[in-house]
Amino acid sequence: MNVNHILIAMLLLAGCGTKSPEKESEPASKPQSEQPVVTAEAEMVEPGKMDAESGATNVANHTSFNGILVVPPQKQVTVGLTLGGAIHSLNMLSGQFVRRGAVLATLRNPEFIDLQQQYLEAVAQEEFLEKEYRRQERLSEEEAASRKRFEQSKAEYLSMKARKSGAAAQLTILGVNPEELQASGIRPYLEVKAPIEGFVANMKVNPGIFINPGDKICDIVSKGDFMLLLTAYEKDLEGLVPGSAVKFRVNGMKEEVFEAELVSVGQQIDEVSRSLEVYARVQGTNPRFRPGMYVTARIEKK
């Protein structure tokens, strides 16, 4: 009996020993099977939300361009004359501000004196010939003079009147007021005046140098209205809409950002570079701006 009792006790102890490892392994296996599932779901959901948000709200919708600062054509005037001559004096230097009508230089040319003389003589002759024409007209009406004499007087008067008008027109082109010339008399030098208000640029003449008709004396640049001249390509045409907002930086002005508005898109593609010109009007003014400054710009798509 004692032996049987001992055997039964040993079997019971063996059975208890085999069940306990199984119970201990169950709680360790559950966290291992559940934890990877939770982590995988979090990694799939969160990156998806981040991409959707950045693509819709955080990434700017724009295109970048390079270009330069320019002024509109009507704001940059080249000063030149239809009459050549030698520079007698200079009153301005490049970079100086001038008002409209300010004398930039004086020109010496005997032809200018001859033109003034022709005008003043025509004025005097026209007055005499007009009186003679009116007198012959009255006599012709009274049949006291021949019709031929009247017609000749009329032709002489109208011819001199045309000569006076022609000389006056030439003087006006040269910037001389014909009426003022009648009061002041012949001027020895032709005054070259600023046609607009602005800054003198590209003045490369000096006293004594002879300039031919049409040669440039200098430029006058008005910096009131700046524009951006940007270079675009065929691939960018879809986003180029007049009225779009433009933000740009100017070379040499650190990280300062300026604003402009797209106003014009070129209609002709360059056959070599496959590019076209885009113009944007700068908002506001800045005294540091200079024509030709390099800029980088972004045009925001509508």
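A residue is called buried here when its relative accessible area is under 20%. By that cut-off, 29% of the chain's 302 residues are buried. Keep in mind that the model is predicted.

**Whole chain**

Start with everything shown as a cartoon. The chain holds 4 helices and 14 strands. Then think about contacts along the sequence. Among those with a separation of 6 or more, 72% join residues 24 or more positions apart.

**Stop 1: the open sheet**

Select β6, β5, β3 and β8. These 4 strands form an open sheet in that order, with antiparallel pairing. β6 and β8 (210-211) sit at the edges with a single partner strand each, so one side of each lacks a neighbour in the sheet. Strands of a sheet pair through backbone hydrogen bonds.

Go to one edge first. Strand β5 (residues 103-108) runs antiparallel to β6, and 4 bridges join them. Find V103; it stands opposite K193 in β6.

Now show the side chains of β6, residues 190-193. Which residues are on its covered face, and which are on the uncovered one? L190 and V192 make up the covered face, while E191 and K193 make up the uncovered one. In a regular strand, side chains alternate between the two faces of the sheet.

Cross to the other edge. Strand β3 (residues 85-90) pairs with β8 over 2 bridges, again in the antiparallel sense. Pick A86 and look across to F210 in β8, which stands opposite.

**Stop 2: the largest core**

Select L104, L190, V200, C218 and I220. Of the 30 residues in the largest nonpolar core, these touch the most other members. L190 is already familiar from the covered face of β6. Elements giving two or more residues to this core are β5, α2 (110-141), α3 (147-173), β6 and β9 (216-221). α2 provides the largest share, 4 residues. In soluble globular proteins, nonpolar side chains tend to be buried together.

Centre on C218 and display its contacts. Leaving aside residues up to four places away in sequence, C218 touches V77, T78, V79, L104, V200, A201, N202 and M203. Two of these, L104 and V200, were in the selection that opened this stop.

A second core lies apart from this one. This separate core has 26 residues, including L228, L240, A260 and F289.

**Stop 3: the helix pair**

Hide the strands and keep α2 and α3. Their axes are 7 Å apart, and the helices pack at an angle of about 155°. That angle makes α2 roughly antiparallel to α3, since over 145 degrees is the cut-off for that label. The crossing of α2 and α3 is left-handed.

**Stop 4: strand β10 and its partner**

Bring the strands back and select β10, residues 227-233. Is β10 mostly covered or mostly uncovered? Mostly covered: 5 of its 7 residues are buried. Add strand β13 (residues 275-282), which runs antiparallel to β10 and is joined to it by 7 bridges. For a landmark, use M227, which stands opposite R281 in β13.

**Stop 5: two positive phi values**

Most residues other than glycine have a negative phi. Two loop residues here go the other way.

Select N202. You will find it in the loop between β7 (198-201) and β8. Phi of N202 is positive, about 55°, although N202 is not a glycine. N202 counts as partly exposed because its relative accessibility is 38%. N202 is also one of the residues touched by C218.

Next, select R274. This residue is in the loop between β12 (258-265) and β13. Its phi is near 60°, a positive value in a residue other than glycine. R274 has 36% relative accessibility, so it too counts as partly exposed.

**Stop 6: two more loop residues**

Stay in the loop between β12 and β13 and pick I269. Not counting residues up to four places away in sequence, I269 touches E234, R274, S275 and L276. From I269, draw a C-alpha to C-alpha distance to A232: 9.6 Å in space, 37 residues apart in sequence.

Finish at S222, in the loop between β9 and β10. Is S222 buried or exposed? With a relative accessible area of 15%, S222 is buried. Show its contacts: S222 touches V71, K75, I196, E197 and G198, not counting residues up to four places away in sequence.

Technical notes. Residues are numbered from 1 along each chain as its sequence is written. This is a predicted model: local features need pLDDT of at least 70, side-chain atom pairs count only at pLDDT 80 or more; totals for chains, interfaces and linings use all residues. Side-chain values use heavy atoms; hydrogens and water are left out. Buried means under 20% relative accessible area, exposed over 50%, partly exposed in between (1.4 Å probe, protein chains only). Two strands pair if DSSP finds at least two bridges between them. A nonpolar core is a set of buried Ala, Val, Leu, Ile, Met, Phe, Trp, Tyr and Cys residues joined through side-chain atoms within 4.5 Å. Contact means heavy atoms within 4.5 Å. Axes are lines fitted to C-alpha atoms, for helices over the stretch in contact, and angles run from 0 to 180 degrees between N-to-C directions. Angles under 35 degrees count as roughly parallel, over 145 as roughly antiparallel, 65 to 115 as roughly perpendicular and the rest as oblique. A crossing is left-handed if the near helix is turned anticlockwise from the far one by less than a right angle, and right-handed if clockwise.
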